[in-house]
Amino acid sequence: MAEYGAHITITARDKPSIFDVVAQDGLMSTLQPAVNHIMRVLAENNPERYGLLLRFSDEIFVLFNTIIQHHYIKNYGASFAENFYDLKRVELKNKNSNKPLTLSHQAYYKSMFTLVTFPYLRNRLDQLFQQIQERHADNALSEESWKCRIQRLFLKMWPVLHFSWEFLTFVYYVRYAVGKSRFHSPLLPLSGVQLATLDHSDYEVIDARTEMMLAFRNVRSGWELGRWAVECVGSSLMNSLEVGAFFLQFLDWFYSSGNTPTSFNAQPIPPPPQSVDIQKVCGLNNTDCPICFNIRKYDTVLSVSGYVFCYGCILPYVRREGKCPVTGYPASTTQLIRIYHET
Ligand SMILES: [Zn+2]
């Protein structure tokens with residue numbers, strides 16, 4: 001039993017360095033922007049077909065995140081990013097301790113919650129806060145209905161909650177760095193686990209599991225053949241994701257280092273306007289709005305397409321539809337620019 005129990009006690013040698021845990025947190029936070037970036041490129045190239053991808057990008061990422069985190073927790077006892085940096089999750093209460101790199105059901109569900117559901121909910125609440133803030137700026141929350149009151153309360157509470165969480169995370173980092181705590185993040189005690197570096201016997205377990213999963217000789221029925229095929233495709237996908245993780249971190253550094261040429265980031269330059277444009281086709285003058293067909297009030301340009309609308313027409317449209325009404329390009333309210341000119 002002693003060899004099975006060896007992984008339970010975490011010595012100072014097994015404790016991951018602050019650099020490892022910070023790096024794996026960094027990799028985790030690059031994953032969603034990377035997936036969003038791919039969807040944005042697809043949607044901008046073909047708004048008709050892939051425009052929906054961008055609208056449901058959060059939900060698509062949750063699905064993607066659930067699949068990869070499930071795969072890594074089930075097979076390696078760690079999240080994708082933790083496994084990438086050779087870390088494992090060790091349960092604080094070891095009820096199921098005779099199986100290395102295997103979490104109990106309870107720890108599995110808690111880990112999935114903190115890795116997938118928690119970031120998703122936080123992201124959604126952040127977006128909700130921005131939407132309510134925009135409505136507040138438009139004076140749409142001045143009514144005394146209970147709905148507006150709740151929204152005003154949320155507007156006050158969310159920044160406090162957000163700051164408290166960030167501060168708590170910072171305290172955990174500092175305590176971990178000076179060796180006062182076993183956890184670098186408040187999410188770990190919530191999941192009932194702590195992190196440790198993989199040791200020699202863990203690598204053997206991982207190798208044996210990978211071999212078991214991909215060995216064709218174990219296939220005895222049609223069902224097992226199907227499972228084997230899925231494992232093969234999944235494993236090669238996961239391997240390419242691991243190679244991709246290096247690339248992701250390079251891209252992240254490239255974008256954040258401030259030396260990105262603007263042309264790399266910018267939208268493709270649209271072709272010159274044709275002589276027959278939408279405004280002429282619809283019988284509109286240069287001063288008319290393509291939404292209400294009247295003379296524009298408070299000229300506002302949508303920067304993704306360059307079309308000019310009334311402020312009162314385009315703002316609710318972009319908020320509701322998330323695209324340009326003329327070209328269908330994906331758009332957000334941050335891309336609206338008021339034009340001040342003398343007429
Ligand atoms: Zn209008």
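## An enclosed strand and its surroundings

Strand S1 is largely enclosed by the rest of the structure, because five of its five residues are buried. The model discussed here is a predicted one. Burial holds on both faces of S1, with Leu87, Arg89 and Glu91 on one side and Lys88 and Val90 on the other. S1 runs antiparallel to S2, to which five bridges join it, and within that pairing valine 90 has glutamine 194 of S2 as its bridge partner.

As a whole, the protein has 13 helices and five strands, and of its 343 residues 18% are buried. Among contacts between residues at least 6 apart in sequence, 53% join residues at least 24 apart.

### The cores

In soluble globular proteins, nonpolar side chains tend to be buried together. The largest nonpolar core here holds 19 residues, and the members that touch the most others are Tyr72, Ala78, Leu87 and Leu195. At least two residues of this core come from each of helix H2 (18-45), helix H4 (57-76), helix H5 (80-84), strand S1 (87-91) and strand S2 (193-197). Leaving aside residues up to four places away in sequence, leucine 195 touches Pro16, Val21, Glu82, Leu87, Arg89 and Leu188. Another core lies apart from the largest one and has 11 residues, among them Cys313, Val318, Cys324 and Ala331.

Is tyrosine 76, a residue of helix H4, buried or exposed? Tyrosine 76 counts as buried, because it has 23 C-beta neighbours inside 10 Å, where 20 or more are required. With residues up to four places away in sequence left out, the residues that tyrosine 76 touches are Asn83, Leu101 and Ile206. Between tyrosine 76 and lysine 88, which are 12 residues apart in sequence, the C-alpha to C-alpha separation is 7.3 Å.

### Helix H6

Helix H6 covers residues 105-137, and its 33 residues should span 48 Å at 1.5 Å a residue, which agrees with the 46 Å between its end C-alpha atoms. H6 nevertheless contains a kink of about 35 degrees, centred on phenylalanine 113. Its buried residues are Ala107, Ser111, Thr114, Leu115 and Val116, and the elements that cover them include H4, S1, helix H8 (187-191) and S2. An α-helix has 3.6 residues a turn, so residues three or four places apart point the same way. After H6 comes asparagine 139, whose phi is positive, near 65 degrees.

### The annotated domain and strands S3 to S5

An unreviewed UniProt entry places the feature "domain: RING-type" at residues 289-327. In the model this span is 28% helix and 18% strand, and its end C-alpha atoms lie 14 Å apart. Strand S3 (residues 299-302) has side chains that alternate, so that Thr300 and Leu302 point to one face and are buried, whereas Asp299 and Val301 point to the other face and are not buried. The table sets out the pairings of S3.

| Strand pair | Direction | Bridges |
|---|---|---|
| S3 (residues 299-302) and S4 (residues 308-310) | antiparallel | three |
| S3 (residues 299-302) and S5 (residues 336-338) | antiparallel | three |

In the first of these pairings, valine 301 has valine 308 of S4 as its bridge partner, while in the pairing with S5 the partner of threonine 300 is arginine 338. Threonine 300 is on the buried face of S3 and valine 301 is on the face that is not buried. Five residues lie between the strands of the hairpin formed by S3 and S4, and glycine 306 in that hairpin takes a positive phi near 90 degrees.

Glycine 328 is placed in the loop between helix H13 (311-321) and S5. Because 15 other C-beta atoms lie within 10 Å of it, glycine 328 is partly exposed. Which residues does glycine 328 touch, not counting residues up to four places away in sequence? Glycine 328 touches Pro47, Glu48, Gly51 and Lys323. The C-alpha atoms of glycine 328 and valine 304 are separated by 9.8 Å, and the two residues are 24 residues apart along the chain.

How values were computed
Residues are numbered from 1 along each chain as its sequence is written. This is a predicted model: local features need pLDDT of at least 70, side-chain atom pairs count only at pLDDT 80 or more; totals for chains, interfaces and linings use all residues. UniProt positions are given in the numbering used here, feature names are shortened, and annotations may be inferred rather than shown by experiment. Helices (H or I, at least four residues) and strands (E, at least two) are DSSP runs, numbered from the N terminus. A nonpolar core is a set of buried Ala, Val, Leu, Ile, Met, Phe, Trp, Tyr and Cys residues joined through C-beta atoms within 7 Å. A residue is buried if 20 or more other C-beta atoms lie within 10 Å of its own, exposed if 12 or fewer, and partly exposed in between; C-beta atoms are placed from the backbone. Two residues are in contact if their C-beta atoms, placed from the backbone, lie within 7 Å. Two strands pair if DSSP finds at least two bridges between them. The expected span of a helix is 1.5 Å times one less than its number of residues. The bend at a residue is the angle between axes fitted to the seven residues ending there and the seven starting there.
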